[in-house]
Amino acid sequence: MPELSRRRALTAAAALAAAAGVGTVTAPTASAAGHDQHSPATFDEVYKGRRIQGRPASGGGHQHHGAGYAVFVDGVELHVMRNADGSWISVVSHYDPVPTPRAAARAAVDELQGAALLPFPAN
(Lines give C-alpha, C1' and ligand atoms only; values in the text may rest on other atoms or scores of the structure.)
Protein backbone atom coordinates (compact mmCIF):
# COMPACT_ATOMS: atom_id res chain seq x y z
CA MET A 1 0.00 0.00 0.00
CA PRO A 2 1.49 3.37 -0.99
CA GLU A 3 2.35 5.86 1.72
CA LEU A 4 -0.27 8.57 2.27
CA SER A 5 1.22 11.93 1.25
CA ARG A 6 -0.17 15.35 1.99
CA ARG A 7 -1.09 15.78 -1.67
CA ARG A 8 -3.06 12.53 -1.76
CA ALA A 9 -4.82 13.38 1.51
CA LEU A 10 -5.86 16.80 0.22
CA THR A 11 -6.98 15.33 -3.10
CA ALA A 12 -9.07 12.72 -1.29
CA ALA A 13 -10.58 15.37 1.01
CA ALA A 14 -11.48 17.57 -1.96
CA ALA A 15 -13.07 14.64 -3.77
CA LEU A 16 -15.10 13.71 -0.68
CA ALA A 17 -16.22 17.31 -0.20
CA ALA A 18 -17.31 17.55 -3.83
CA ALA A 19 -19.16 14.26 -3.59
CA ALA A 20 -20.90 15.41 -0.41
CA GLY A 21 -22.16 18.53 -2.17
CA VAL A 22 -20.05 21.06 -0.29
CA GLY A 23 -19.75 24.30 -2.27
CA THR A 24 -16.44 25.56 -3.46
CA VAL A 25 -14.52 27.97 -1.31
CA THR A 26 -14.43 31.50 -2.71
CA ALA A 27 -12.09 34.30 -1.82
CA PRO A 28 -13.49 36.72 0.79
CA THR A 29 -13.27 39.57 -1.71
CA ALA A 30 -15.63 37.77 -4.05
CA SER A 31 -18.47 37.73 -1.53
CA ALA A 32 -17.82 41.28 -0.31
CA ALA A 33 -17.19 42.79 -3.73
CA GLY A 34 -20.87 43.47 -4.36
CA HIS A 35 -21.42 45.59 -1.28
CA ASP A 36 -20.26 48.80 -3.00
CA GLN A 37 -22.62 48.36 -5.93
CA HIS A 38 -25.59 49.88 -4.14
CA SER A 39 -25.02 53.12 -2.30
CA PRO A 40 -27.17 53.53 0.82
CA ALA A 41 -30.19 55.78 0.59
CA THR A 42 -29.84 59.50 1.27
CA PHE A 43 -31.41 60.64 4.53
CA ASP A 44 -32.04 63.92 6.37
CA GLU A 45 -33.94 63.79 9.63
CA VAL A 46 -34.05 65.00 13.21
CA TYR A 47 -33.25 62.22 15.69
CA LYS A 48 -33.52 63.00 19.42
CA GLY A 49 -33.26 66.70 18.65
CA ARG A 50 -30.13 66.33 16.49
CA ARG A 51 -30.09 66.75 12.72
CA ILE A 52 -28.55 63.72 11.04
CA GLN A 53 -27.84 63.56 7.32
CA GLY A 54 -26.31 61.07 4.96
CA ARG A 55 -25.56 61.23 1.26
CA PRO A 56 -23.08 60.02 -1.33
CA ALA A 57 -19.75 61.79 -0.82
CA SER A 58 -18.64 64.30 -3.43
CA GLY A 59 -14.85 64.08 -3.60
CA GLY A 60 -12.09 64.36 -1.04
CA GLY A 61 -12.09 62.93 2.46
CA HIS A 62 -11.89 59.27 3.40
CA GLN A 63 -14.09 57.90 0.64
CA HIS A 64 -12.28 54.60 0.52
CA HIS A 65 -13.34 53.88 4.13
CA GLY A 66 -16.92 55.06 3.85
CA ALA A 67 -17.52 53.64 0.39
CA GLY A 68 -18.11 57.16 -0.96
CA TYR A 69 -20.76 58.03 1.62
CA ALA A 70 -20.79 61.00 4.04
CA VAL A 71 -22.71 61.24 7.32
CA PHE A 72 -23.25 64.43 9.35
CA VAL A 73 -24.53 65.16 12.86
CA ASP A 74 -25.61 68.80 13.25
CA GLY A 75 -23.52 69.67 10.19
CA VAL A 76 -20.31 68.08 11.51
CA GLU A 77 -19.06 65.10 9.52
CA LEU A 78 -19.23 61.79 11.37
CA HIS A 79 -16.42 59.59 10.10
CA VAL A 80 -17.99 56.29 9.00
CA MET A 81 -16.51 53.16 7.52
CA ARG A 82 -18.09 50.23 5.75
CA ASN A 83 -16.88 46.79 6.84
CA ALA A 84 -16.25 43.90 4.47
CA ASP A 85 -19.52 42.26 5.55
CA GLY A 86 -21.51 45.36 4.57
CA SER A 87 -22.06 46.64 8.12
CA TRP A 88 -21.10 50.19 9.12
CA ILE A 89 -19.17 51.65 12.05
CA SER A 90 -18.37 55.22 13.06
CA VAL A 91 -15.61 56.91 14.97
CA VAL A 92 -18.07 57.31 17.88
CA SER A 93 -19.40 53.73 18.00
CA HIS A 94 -16.46 51.87 16.52
CA TYR A 95 -17.10 48.52 18.19
CA ASP A 96 -20.82 48.32 17.49
CA PRO A 97 -21.44 47.61 13.78
CA VAL A 98 -24.84 48.58 12.39
CA PRO A 99 -26.55 47.77 9.07
CA THR A 100 -26.78 51.29 7.57
CA PRO A 101 -25.17 54.74 7.76
CA ARG A 102 -28.45 56.07 9.19
CA ALA A 103 -28.17 53.55 12.02
CA ALA A 104 -24.54 54.65 12.54
CA ALA A 105 -25.65 58.28 12.84
CA ARG A 106 -28.40 57.35 15.31
CA ALA A 107 -25.97 55.25 17.35
CA ALA A 108 -23.56 58.20 17.46
CA VAL A 109 -26.32 60.52 18.70
CA ASP A 110 -27.22 57.97 21.39
CA GLU A 111 -23.57 57.65 22.42
CA LEU A 112 -22.93 61.41 22.45
CA GLN A 113 -25.80 61.93 24.95
CA GLY A 114 -26.17 65.59 23.97
CA ALA A 115 -22.45 66.37 23.64
CA ALA A 116 -21.27 68.07 20.47
CA LEU A 117 -19.57 65.99 17.80
CA LEU A 118 -16.08 67.34 17.25
CA PRO A 119 -14.59 67.30 13.75
CA PHE A 120 -12.42 64.24 13.07
CA PRO A 121 -8.96 65.46 12.08
CA ALA A 122 -7.82 64.42 8.63
CA ASN A 123 -4.21 63.31 8.58
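Guide: Two strands pair here if DSSP finds at least two bridges between them, and strands (E, at least two residues) and helices (H or I, at least four) are DSSP runs numbered from the N terminus. The model is predicted: local features need pLDDT of at least 70, side-chain atom pairs count only at pLDDT 80 or more, and totals for chains, interfaces and linings use all residues. Residues are numbered from 1 along each chain, and side-chain values use heavy atoms, without hydrogens and water.

Visitor: What is the strand order in the open sheet?
Guide: Let's go pair by pair. β1 (residues 43–47) runs antiparallel to β2 (residues 50–56), with five bridges joining them. β2 also pairs with β3 (residues 69–73), again antiparallel and over five bridges. β1 and β4 (76–78) are the edge strands, each pairing on one side only, and the four-strand order is β1-β2-β3-β4.

Visitor: Which residue in the hairpin of β1 and β2 takes a positive phi?
Guide: Two residues sit between these strands. With a phi near 50 degrees, the one you're after is Lys48.

Visitor: Which residue in β3 is the bridge partner of Gln53?
Guide: Start with the other pairs for bearings: Phe43 is matched with Gly54 in β2, while Ile52 stands opposite Val73 in β3. For Gln53, the bridge partner in β3 is Phe72.

Visitor: Is Val71 buried or exposed?
Guide: Val71 lies in strand β3 and, leaving out residues up to four places away in sequence, has contacts (heavy atoms within 4.5 Å) with residues including Phe43, Leu78, Pro101 and Ala105. On the accessibility scale (1.4 Å probe, protein chains only), buried means under 20% relative accessible area, exposed over 50%, and partly exposed in between. Val71 comes out at 0%, so the verdict is buried.

Visitor: Which element gives the largest share of the largest nonpolar core?
Guide: Such a core is a set of buried Ala, Val, Leu, Ile, Met, Phe, Trp, Tyr and Cys residues joined through side-chain atoms within 4.5 Å. This one has 17 residues, and Phe43, Ile52 and Val71 are among those with the most contacts inside it. β1, β3 and α4 (101–112) each give two or more residues. With six residues, the largest share comes from α4.

Visitor: At what angle does α4 run to β1?
Guide: Axes are lines fitted to C-alpha atoms (for helices, over the stretch in contact), and angles run from 0 to 180 degrees between N-to-C directions. α4 lies across β1, β2, β3 and β4, and its angle to β1 is about 25 degrees.
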